[in-house]
Amino acid sequence: MSEQVEIFEVGPRDGLQNEAKPISAMDKIALVNLLSEAGFRRIEVGSFVSPKWVPQMAESDKVLAGITRMPDVRYGALVPNQMGFAAALAARADEIAVFASASEGFSKANVNATIAESLDRFRPILEEARHIDLPVRGYVSCVTDCPYDGPVDPGAVAKVADQLFAMGCYEISLGDTIGKGRTDTVSKMLLTVREHVPVSRLAGHFHDTGGHALENVDCALSLGVRVFDAAVGGLGGCPYAPGAAGNVATEALHAHLDRLGFATGLHPDRLAQAADMAKSLRAGD
Ligand code: HMG
Ligand code: MG
């Protein structure tokens, strides 16, 4: 049997959050429903952040309320603080994700807080989530390069990943937020991080700005990573990371993994349909 690699679909959140044109909750719901049919086990549907900071995600509660939930799929949402956590619970998110940065410059730009302050916000959230058995994923951004501070020390990434894991995050997704990572910097970073967090609990989150995301996936695969985030249609980027293009496109990653002989459990036809739909939602289309 082929070895499994899971693709964690982040398109409805990371893919769409940067789109300037407002996209209706109805369209987002239709996209998530297609993705559910494509066979993903985890889909990041939206985020409960300040609507002043990311207006496109303002209706994430409506999206979570409107989707057809499949029993084996977990529908997640990004949460920056207690207010977002309460909103995610009210919207019945199956899991949440907290997000920190390995660099101070991006932390300030993205969440208006230092790294330490952002982690302090997450501690009580993780504690509460543990009491109610809600899975929490943790992101670390800027794992190789920061748009504000330049190259990032692998030790800084390991420190934040370690703290999120110790707080109770079940998986740590390592974000090459601006797609500047290359196999040498990605491998150095992963070799350092996996000394602190078991590689089975790590995920790769590669933006494809530089067109090197698939090479970085190969590098991470060779070091034992078996979960990768991707956005259908390759949409998106982060509004607080200038120049950040979309995540690696799910359909490209799926085809790549298939060529390498890994099983993802995804249905290519449905995936292609979802990619077409995601692209049609892009501003100007
Ligand atoms: P702040 O301005 O410092 O917050 O923002 P505040 O606590 O001073 O509150 C200011 C206002 O926001 C108040 O409203 C609050 O009620 C409201 P006002 O009194 O002015 O009317 N507010 C909220 N409203 C709704 N939901 C909330 C919430 N919190 C406060 N949860 C804050 C701090 C963290 C809120 C802000 O910086 C923020 O929302 N940042 C999120 C930015 C974001 O979503 N970035 C993209 C996601 S991260 C990413 O893409 C990277 C990733 O993909 C991995 C990778 O690629 O590296 C995950
Ligand atoms: Mg991202």
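**Exposed and enclosed regions of the predicted model**

Residue D120 is exposed, since 11 other C-beta atoms lie within 10 Å of its own, a number that falls under the limit of 12 or fewer set for exposure. D120 is placed in helix α6, which spans residues 115-131. Between the C-alpha atoms of D120 and V73 there is a separation of 30 Å, the two residues being 47 residues apart along the chain.

The structure is a predicted model, and the confidence values that accompany it are as follows. Averaged over the chain, the pLDDT is 96, and 98% of the residues score at least 70. For the complex, the predictor gives an ipTM of 0.98 together with a pTM of 0.97.

The chain contains eleven helices and ten strands. Its radius of gyration is 17 Å, which is close to the 19 Å that the globule rule gives for 285 residues, and the chain is therefore as compact as a globular protein of that length. Taken along the principal axes, the box filled by the C-alpha atoms of the chain is roughly 45 × 40 × 35 Å. Of the 285 residues of the chain, 52% count as buried.

Strand β3, comprising residues 74-78, is largely enclosed by the rest of the structure, because four of its five residues are buried. Strand β2 (residues 42-47) pairs with β3 in the parallel sense, over five bridges, and within this pairing E44 stands opposite G76 in β3. The path of the chain from β2 to β3 passes through helix α3 (residues 60-66), and the resulting β-α-β crossover is right-handed. Strand β4 (residues 95-101) likewise pairs with β3 in the parallel sense, here over three bridges, with A97 in β4 serving as the bridge partner of L78. A right-handed β-α-β unit is also made by β3, α4 and β4.

Positive phi values in residues other than glycine were examined next. In general, most residues other than glycine have a negative phi. R92, a residue other than glycine, has a positive phi near 60°, and R92 is located in the loop between α4 and β4. R92 counts as exposed because it has 12 C-beta neighbours inside 10 Å, the upper limit for that class being 12. C142, too, has a positive phi, near 55°, and lies in the loop between β5 and β6, the latter formed by residues 145-146. With 33 C-beta neighbours inside 10 Å, C142 counts as buried, given that the class of buried residues begins at 20. The two residues thus carry positive phi values, near 60° for R92 and near 55° for C142, while R92 counts as exposed and C142 as buried.

The surroundings of ligand 1 comprise 27 residues, of which V49, G84, S141, G175 and T177 come nearest. Helix α4 (82-90), helix α5 (104-111) and strand β5 (136-141) are the elements that give two or more residues to this shell. Divided by class, the shell around ligand 1 has 13 nonpolar residues and twelve polar residues, together with two charged residues. Helix α4 accordingly appears in two settings, as a contributor to the shell around ligand 1 and as the helix of the right-handed unit made with β3 and β4.

Notes. Residues are numbered from 1 along each chain as its sequence is written. Chains are lettered from A and ligands numbered from 1 in the order in which they are written. This is a predicted model: local features need pLDDT of at least 70, side-chain atom pairs count only at pLDDT 80 or more; totals for chains, interfaces and linings use all residues. pLDDT is the predictor's confidence in each residue, from 0 to 100. A residue is near a molecule or strand if its C-beta atom, placed from the backbone, lies within 6 Å of it. Ala, Val, Leu, Ile, Met, Phe, Trp, Tyr, Cys and Pro count as nonpolar, Asp, Glu, Lys and Arg as charged, and the others, Gly among them, as polar. Two strands pair if DSSP finds at least two bridges between them. A crossover is right-handed if, with the strands pointing away from the viewer, the path from the first strand over the helix to the second runs clockwise. The radius of gyration is taken over C-alpha atoms; the globule rule is 2.2 Å times the number of residues to the power 0.38.
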